[in-house]
Amino acid sequence: MSVDFLQTEFLNNRANDYLMALGMPIVSAIAIKGLQVFLLKPLKHWVQTTPNNIDNAMVRIIESRLIPALYLGTIYIALRNLNLHPILEQTIDATTAVIATLLGIRLIVSLIEYLLRVYCFSPQREELHLDQSLKTLLPAIRAIVWGIGIIFLLDNLGFNVSAVVASLGIGGVAIALASQGVLQDLFSYFAILLDRPFELGDFIIVGDYLGTVEQVGIKTTRLQSLSGEEIIMANTDLTSSRIRNFKRMAKRRVEFKIGVAYETSLERLKEIPLLLRNILEETECVVFDRAHFSHYDEFSLIFEIVYFVTSNDYNQYMDVQQTVNFRIKQEFEKRAIAFAYPLPVNLVPSLSSKVEPVESCASV
């Protein structure tokens, strides 16, 4: 009797077809819920123990984007197994296409954001700086993805989108020709964001301009100069220039020279390189490289010294150099080593001086 009931037809479908259409979403919902409980929940607890938020974002994408898509897919498959009226079938197809497109667009945008975070993330990069850059970039990405998604949806719904695509192509060419400079700066902004030649807070030198990066915009980048004013530079100028980034300098190489008087004895001259080495090795944050009697100058005997400061802080470098200068002066005074200095002009013998001839006193 029950078998005969399952074979009973109603609106071109048997009873067991309706039961399958009803049971498939229920079974699928139980399976998806089990997936969330036994797989996603432990995974979520595990990623919360990691030091960064990159893997947390992937779990959120799976939970908020893929799970609804699974529910939608099971409901659609269950309904399409039934013999429905053509108008109802078209309604279901159109509704599913709209919802699937919305879910797909959100999924693609989330994946792009996740990939950008993975590419741009580094332990030294502050999360605040990364968020500021992505907040500027993501609206443009969303607009592009939404535009492509809407065109795809209209095409699936049966609309003729060829004219729309052609119009967009012609309009895009016209806009590109009219705003070449803006587009160049925009693409330069993408290059700065993805290639990361500098970041917010970095001290950079570009040509004759130097300052700390305060803001990277879609068209311009703003620097805070040492004298206080704000320098606004086009992104194209930055990507086409040689940039010196001092923030990423692990250590600073310092080379300086001192001159001693020609009257200094040979014995003292031989002591000076070792003396300079000891001074530098006793100074904090300094790695000694070399100290040599370099060459003979016009008024002095030149010693060349090279060392490294284990910091990129300019103030610390100046403190170290000042300490070294004080020590050199102190040690030279103990040993009576005189620094050289140029002689006054009136005391310098002129090699090109001419001897005036003495007029003859012979009588005529």
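A residue counts as buried under 20% relative accessible area, as exposed over 50%, and as partly exposed in between. The structure described here is a predicted model.

By this scale Glu333 is exposed, because its relative accessible area is 54%. Its salt-bridge partner is Lys329, with the closest N and O atoms 3.6 Å apart. Lys329 has a relative accessible area of 42% and is therefore partly exposed. Both residues belong to helix α10, where they are four residues apart, about one turn of the helix.

A second pair in helix α10 (residues 314-334) has the spacing of four residues, about one turn of the helix: Arg327 and Glu331. The closest N and O atoms of this salt bridge are 3.6 Å apart. Arg327 is partly exposed at 22% relative accessible area, whereas Glu331, at 9%, is buried. Arg327 and Glu331 also take part in a network of salt bridges that includes Glu282, Lys334 and Arg335.

The count of salt bridges comes to 11. One salt bridge joins the side chains of Glu304 and Arg290, at 2.8 Å from N to O. Glu304 is in strand β10 (residues 301-309) and Arg290 in strand β9 (residues 286-296), so this salt bridge ties together parts that are 14 residues apart in sequence. Glu304 is buried, with a relative accessible area of 13%; Arg290, at 25%, is partly exposed.

An open sheet is formed by five strands in the order β6-β5-β4-β3-β7, with antiparallel pairing. The edges are occupied by β6 (230-234) and β7 (243-245); each has a single partner strand, so one side of each is left without a neighbour in the sheet. From one strand to the next, the twist averages 40 degrees. In general, strands of a sheet pair through backbone hydrogen bonds, in either a parallel or an antiparallel manner. Here, β5 (residues 220-224) and β6 run antiparallel and are joined by five bridges. Within this pairing, Thr220 is opposite Ala234 in β6.

Asn235 lies in helix α8 (residues 235-239). With a relative accessible area of 0%, Asn235 is buried. The side chain of Asn235 reaches the backbone oxygen of Gly217 at 3.0 Å. Apart from neighbours within four places in sequence, the residues in contact with Asn235 are Asp185, Ser188, Tyr189, Ile192, Gly217, Ile218, Lys219, Thr220 and Thr221. Thr220, listed among these contacts, is the residue that stands opposite Ala234 in the β5-β6 pairing.

Terms used
Residues are numbered from 1 along each chain as its sequence is written. This is a predicted model: local features need pLDDT of at least 70, side-chain atom pairs count only at pLDDT 80 or more; totals for chains, interfaces and linings use all residues. Side-chain values use heavy atoms; hydrogens and water are left out. Two strands pair if DSSP finds at least two bridges between them. Helices (H or I, at least four residues) and strands (E, at least two) are DSSP runs, numbered from the N terminus. Axes are lines fitted to C-alpha atoms, for helices over the stretch in contact, and angles run from 0 to 180 degrees between N-to-C directions. Buried means under 20% relative accessible area, exposed over 50%, partly exposed in between (1.4 Å probe, protein chains only). A polar contact is a pair of N or O atoms within 3.5 Å; within protein, one must be able to donate a hydrogen and the other to accept it, and residues adjacent in sequence count only if both atoms are side-chain atoms. Contact means heavy atoms within 4.5 Å. A salt bridge is a side-chain nitrogen of Lys or Arg within 4 Å of a carboxyl oxygen of Asp or Glu.
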